[in-house]
Amino acid sequence: MALIEDAAFTRIKNRVGRAIAEFDLISEGDRVAVAVSGGKDSYTMLHMLETLRRRAPVRYELVAINIDSGYRGYRADIIEEHLREHGFTYHMEKTDHYDIISEKRRPNSSYCSICARLKRGTLYTLAQQYGCNKLALGHHMDDFIETLLLNQFFVGSLKAMAPSMLADNGVTTVIRPLVYVPEKEIIPFSRNNRFPVVCCCCPVCGTADLQRKKMKELLETLERDNPLVKKSLLTALSNVHPRHLLDKGLTRKPS
């Protein structure tokens, strides 16, 4: 089953290819674990990495990995059918994360943060188990920008995400190939290709992470006056001037 190779396909493919080239995300001989949740972003990432793999001058392998956190109603079978139909090498991992979250989560604390930590740990373990030196996550351009604003507004830290970074385990390199792809391009691309999007079935799905929702709304408001505001914010992440910041660790002279 082939993707529809229209203008949207070409734009996304070119943006992913640009990210891979500029940040050296994939090299000869890499084996990449691709986290596939069943959402539009991870499907798009997986299919684009496969498209580029077939055409790339370097050889690399992909292993799609799905984590079932144990939320009631989660249709991992639909995801598996899609992966099988498209000929992907894949692994489906059933976990008891929901039980752990229910037991350990503090009252009024976020489901998302603890769930993400558990999933990330499992992904690192499976990446090593399947001989993958890299782990691809489906964060797109909007995620980078929203995270930048969230950290500034609510944490007091000037940081976002990295397109490539060594994980805390010191072994797996995490890559984010969709860094240059805006969400507004992923939505119609996913719909046109009939990706079988599956809800995570988390108990707070649709209501969680209200702060991130506020950042989305803020950016939509700013875009009305400045259509290039997202592009400008993303560019700012690669155009840092340490001398004009307050972090003394950045400006301290070497002894």
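Is H82 buried or exposed? In this predicted model, H82 is buried, because its relative accessible area is 6%, a value that falls under the 20% cut-off used for that label. The residue belongs to helix α3, which covers residues 76–85. When neighbours within four places in sequence are left aside, the contacts of H82 are with Y43, H47, F195 and P196.

The nonpolar interior was examined next. The largest nonpolar core holds 43 residues, and among these V16, V34 and L49 are the ones that touch the most other members. Two or more residues of this core come from each of the helices α1 (7–23), α2 (40–55), α3, α6 (141–155), α7 (183–192) and α8 (210–225), and likewise from the strands β1 (31–35) and β2 (61–68). Of these elements, α2 makes the greatest contribution, with 6 residues. For V34, the residues in contact, apart from neighbours within four places in sequence, are M45, L46, L49, L62, V63, A64, I65 and A136. A second core, separate from the one just described, consists of 14 residues, including A33, Y124, C132 and L135.

Attention then turned to T95, which is placed in the loop that runs between strand β3 (90–94) and helix α4 (97–104). Although T95 sits in a loop, this residue counts as buried, because its relative accessibility is 14% and the label applies under 20%. With residues up to four places away in sequence not counted, T95 touches I67, D68, S69, G70 and T122. One of these partners, S69, is 26 residues away from T95 along the chain, yet the C-alpha atoms of the two residues are separated by 5.2 Å. In addition, a polar contact of 3.3 Å joins the side chain of T95 to the side chain of H97.

A further threonine, T173, was considered in the same way. T173 is found in strand β6, which comprises residues 173–175. With a relative accessible area of 19%, T173 is buried, since the limit for this label is under 20%. The residues that T173 touches, again without counting those up to four places away in sequence, are N133, K134, L135, S164, M165 and L166. Among these partners of T173 is L135, a residue that is also included in the second, separate core of 14 residues.

Notes: Residues numbered from 1 in each chain as written. Predicted model: local features only at pLDDT ≥ 70, side-chain atom pairs only at ≥ 80, totals over all residues. Heavy atoms only, no water. Helix = DSSP H or I, 4+ residues; strand = E, 2+ residues; numbered from the N terminus. Buried < 20%, exposed > 50% of the residue type's maximum accessible area, 1.4 Å probe, protein only. Contact = heavy atoms within 4.5 Å. Polar contact = N/O pair within 3.5 Å; in protein donor to acceptor, adjacent residues only side chain to side chain. Core = buried A, V, L, I, M, F, W, Y, C linked by side-chain atoms within 4.5 Å.
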